[in-house]
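Q: I'm new to this structure and would love a close look at its largest pocket. Could you walk me through that part and then show me how it sits in the rest of the protein?

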Amino acid sequence: MVEHTGIRARVRAELTGEIKAAARRQLATEGANLSLRAIARELGMASSALYRYFANRDDLLTALIIDAYDGLGEAAETADARYRRRGDHVGRWLAVARALRGWALAAPSEYALILGSPVPGYRAPTDTTGPASRAPLVLAGIVADAAAAGALDEVPAPPLPAKLRAELTAVAGQVNVPLDAPVLARMMLAWTELYGAISFELFGQLDNLVGRRDEWFDYQARSMAALIGLR
């Protein structure tokens, strides 16, 4: 009985993977407006059989979104873990930034799914929150390490309004990142600018404008590190 249960679980996992792979191919050609019927036809399945794996389009989208966030997060975590000079916080920041860009350029439709235009009619469940936090927590960890090592420069910045300072302090506590509100604010600015830089390149905004993309991205990433005060 246990053996049969194991076989069924493996078959289900394999078919789930095939369905998601077909959905990713559809993402690349049709965008996020997935058709479960078209996916079933591609796989030679009856639509009713596919619905036993994913109840509707939103369930399948959620699975793809979680996979994409996990892929992005894993790229960030691996890049940081492999950077041996742990006290070189700018170097770690650059390594993670390059890894995020590399992942996005290799999987543009998946990046667009999670960081492009919202999908009409879709509301992401809380299941996506943890995976979505992986990459920014790596970046925040680098900044926290720099702060603990006394390796953050003072950076002139507008004062935070009191209510915003309180909100950011609460966020730091919730995600267990030991940063004071002004530093967390600068880190969040750099994080959003990093994703913006990747999106600008990925979605063609640099076409006929900047040809030396690697150098331009590194310049942006270093500027973001300076904004935070990393040295």
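A: Here is a walk that starts with the whole chain, moves to the pocket, and then visits a few other places.

What you see is a predicted model. The protein averages a pLDDT of 92, and 98% of its residues score at least 70. Among its elements, helix α5 (residues 89-106) has the highest mean pLDDT, at 98, while helix α1 (residues 2-30) has the lowest, at 81. A general caution is handy here: where pLDDT is low, the predicted coordinates should not be read in detail.

As for the overall build, there are 10 helices and zero strands. Along its principal axes, the C-alpha trace spans about 60 × 50 × 40 Å. Of the 231 residues, 42% are buried. If you take the contacts with a separation of 6 or more, 73% of them are between residues 24 or more positions apart.

Now to the pocket itself. The largest pocket holds about 280 Å³ of space. It is lined by 13 residues, and S133, P136, L137, V175 and W191 are the closest to its centre. Two helices, α7 (129-148) and α9 (181-202), each supply at least two residues of the lining. Helix α7 gives the most, with five residues.

Let's pause at S133, which lies in helix α7. S133 counts as partly exposed because its relative accessibility is 25%, and that class runs between 20% and 50%. To place S133 against a distant part of the sequence, look at L15: the two residues are 118 apart along the chain, and their C-alpha atoms are separated by 28 Å.

Next, follow the chain to N176, in the loop between α8 (162-174) and α9. N176 has a positive phi of about 60° although it is not a glycine. In general, most residues other than glycine have a negative phi. N176 counts as exposed because its relative accessibility is 67%, where the cut-off for exposed is over 50%. Beyond helix α9 there is another residue of this kind: N208 is in the loop between α9 and α10 (213-228). N208 also has a positive phi of about 60° without being a glycine, and its relative accessible area of 86% makes N208 exposed.

In the other direction, just before helix α7, you can find P125 in the loop between α6 (108-115) and α7. P125 is partly exposed, with a relative accessible area of 31%. The C-alpha atoms of P125 and D59 are separated by 9.7 Å, with their positions 66 residues apart along the chain.

From here we can turn to the nonpolar interior. In soluble globular proteins, nonpolar side chains tend to be buried together. The largest nonpolar core in this model has 70 residues, and I19, L60, W93, V96, L100, V143 and L230 touch the most other members. Helix α4 (residues 57-82) provides the largest share of this core, 11 residues. Take V96 as an example: leaving aside residues up to four places away in sequence, V96 touches A76, A79, D80, V138, L139 and I142.

Helix α4 also contains I65. With a relative accessible area of 5%, I65 is buried, since buried means under 20%. Again leaving aside residues up to four places away in sequence, I65 touches L113, I114, Y122 and T128. For a longer view, compare the position of I65 with that of E154: they are 89 residues apart along the chain, and their C-alpha atoms are separated by 37 Å.

Finally, the UniProt record puts some labels on the early part of the chain. Its unreviewed entry lists residues 13-72 as "domain: HTH tetR-type". Over residues 13-72 the chain is 77% helix and 0% strand, with the end C-alpha atoms 22 Å apart. The same kind of record, an unreviewed UniProt entry, also gives a "DNA-binding region" covering residues 35-54. Over residues 35-54 the chain is 60% helix and 0% strand, and the end C-alpha atoms are 12 Å apart.

To come back to your starting point: the pocket to look for is the one with S133, P136, L137, V175 and W191 closest to its centre, and helix α7 is the element that gives the most to its lining.

How values were computed. Residues numbered from 1 in each chain as written. Predicted model: local features only at pLDDT ≥ 70, side-chain atom pairs only at ≥ 80, totals over all residues. Heavy atoms only, no water. UniProt positions renumbered as here; feature names shortened; annotations may be inferred. Helix = DSSP H or I, 4+ residues; strand = E, 2+ residues; numbered from the N terminus. Core = buried A, V, L, I, M, F, W, Y, C linked by side-chain atoms within 4.5 Å. Buried < 20%, exposed > 50% of the residue type's maximum accessible area, 1.4 Å probe, protein only. Contact = heavy atoms within 4.5 Å. pLDDT = per-residue confidence, 0-100. 1 Å grid on protein atoms, 1.4 Å probe; cavity = no way out; pocket = protein on both sides within 12 Å on 5 of 7 lines; lining within 4 Å. Points joined across faces, edges and corners; volume = space filled by probe spheres on them.
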